[in-house]
There are 2 protein chains.
Amino acid sequence: MQLEIHNMAGYLIRRLNQISMSVFQERMKELGLTMTSVQFAAMYAVKANPGIDQARLAGVIAYDRATIGGVIDRLESKGLVERRVCDHDRRARIVSLTSEGDALLEKLVPLVRDFQDDILSGLSDVERAEFLRLATKAADAGNDLSRAPLILDKKA
Amino acid sequence: MQLEIHNMAGYLIRRLNQISMSVFQERMKELGLTMTSVQFAAMYAVKANPGIDQARLAGVIAYDRATIGGVIDRLESKGLVERRVCDHDRRARIVSLTSEGDALLEKLVPLVRDFQDDILSGLSDVERAEFLRLATKAADAGNDLSRAPLILDKKA
DNA sequence: CCTGAATAGTGTGTATACTTACTATTGATC
DNA sequence: GATCAATAGTAAGTATACACACTATTCAGG
């Protein structure tokens, strides 16, 4: 039995997101870790942006401020990141990786890169490339429609 | 500043899902409703499958049992669906639309169909069709990777 | 320098989306 | 027909992902 909703963009995207998160979770489990894709992205962005604060971190990976707070809480309690008050703006909290966090990230990056294709395992190489091209274009165009848009080049 | 993660399948899919949910929420708000895309899909599937119970409903729209319970709770408290114990299997709960639920769904279906294209507003008609074809193929192939796979034709 | 707008982070509340564990059934098997 | 595996639903716990309101702080203008 096929419902009309099964062909709708919103439904298909939700399904792909379920599959994507499940693949990530499964791979981490195989490595004996409890890292989520969201936590990985946050750590990656922290490493790529030394001295970043929570608000800009949220913008770089398109989360809202409340969500990033919880993500950093959990990474902090696992000893993977640290938070400290910014020197010249005491409202802001600078997030940085601990040495354990840095070591873990270094280990994870190639692994995560390698299983990305598994998420789209049903597609050929050509199809996957085309899917990613279209997804990038759509995500870019729809950025402002999202509640937590991606915010880049906000600073030097 | 472009991070490597911005080109990864998992990240792009998460972004598209944020955009998709946001568009749905926004349209509902314009109509003065507080319906989520998940609740809409549940109501749609209930209507399309008269006499369905919660477990099979979960399978038809690829939720897990615990999630569907909460979704039905909220729809029930809004007076849009009803739950009753199944006659020949007292473990199961049969879900059905109330008359208000049915009327609301009838009103929403064409509206929801019409704004699906807004989710992929950055794509041309040809690109959108190709994206949907590839997304369908990928979601289908990845079905068993998801924690809550789509389960169809389980019965007569 | 003072006031008011804007911003960073947090707290609360809601809604998915899952896990594991539990109860109540059902059905299958000996 | 008693037992035992399997199933339906729920409960409790964790983790996004948002809204809204609040405090602390910064900054812009007069």
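This passage describes how two protein chains meet each other and two DNA strands in a predicted model. Local features are restricted to pLDDT of at least 70 and side-chain atom pairs to pLDDT 80 or more, whereas totals for chains, interfaces and linings use all residues. Residues are numbered from 1 along each chain as its sequence is written, chains are lettered from A in the order in which they are written, and side-chain values use heavy atoms, without hydrogens and water.

Two copies of a chain are related by a rotation about an axis and a shift along it. Here, a turn of 180° with a shift of 0.0 Å along the axis lays chain A on chain B with an RMSD of 0.0 Å (least-squares superposition on the C-alpha atoms of residues with pLDDT of at least 70 in both copies). This is the relation of a two-fold axis.

The contact between the chains (heavy atoms within 4.5 Å) involves 67 residues from chain A and 67 residues from chain B. Of the interface residues of chain A, 100% are also interface residues in chain B, so the copies meet through the same surface. About 5,800 Å² is buried between the two chains, with carbon and sulfur atoms giving 65% of this area; buried area is the accessible area (1.4 Å probe) that two parts lose on being put together, summed over both.

Between chain A and chain B there are 8 salt bridges (a side-chain nitrogen of Lys or Arg within 4 Å of a carboxyl oxygen of Asp or Glu). One salt bridge joins B:Lys137 to A:Glu127, with the closest N and O atoms 2.9 Å apart. Polar contacts across the interface number 27 residue pairs, with both residues at pLDDT 80 or more. A polar contact is a pair of N or O atoms within 3.5 Å; within protein, one must be able to donate a hydrogen and the other to accept it, and residues adjacent in sequence count only if both atoms are side-chain atoms.

On the side of chain A that touches chain B, at least two residues each come from helices H1 (9-30), H2 (37-48), H3 (54-61), H5 (99-119) and H6 (125-141) of chain A. Helices are DSSP runs (H or I, at least four residues), numbered from the N terminus. H1(A) supplies the largest share, 16 residues. By class, this side comprises 38 nonpolar, 16 polar and 13 charged residues (Ala, Val, Leu, Ile, Met, Phe, Trp, Tyr, Cys and Pro are nonpolar, Asp, Glu, Lys and Arg charged, and the others, Gly among them, polar).

DNA strand C is surrounded by 24 residues, the closest being A:Ala55, A:Arg91, A:Arg93, B:Thr36 and B:Arg74 (near means a heavy atom within 4 Å). Of the strand C atoms within 4 Å of the protein, 65% belong to sugar and phosphate. A polar backbone atom of A:Ala55 lies 2.5 Å from a phosphate oxygen of strand C, and a side-chain N or O atom of B:Arg74 lies 2.6 Å from a phosphate oxygen of this strand. H4(B) contributes the most to the surface near strand C, with 4 residues. This surface holds 7 nonpolar, 5 polar and 12 charged residues.

Around DNA strand D there are 23 residues, of which A:Thr36, A:Arg74, B:Ala55, B:Arg91 and B:Arg93 come nearest. Sugar and phosphate make up 70% of the strand D atoms within 4 Å of the protein. A backbone N or O atom of B:Ala55 is 2.5 Å from a phosphate oxygen of strand D. H4(A) gives the most to the surface near strand D, 4 residues.
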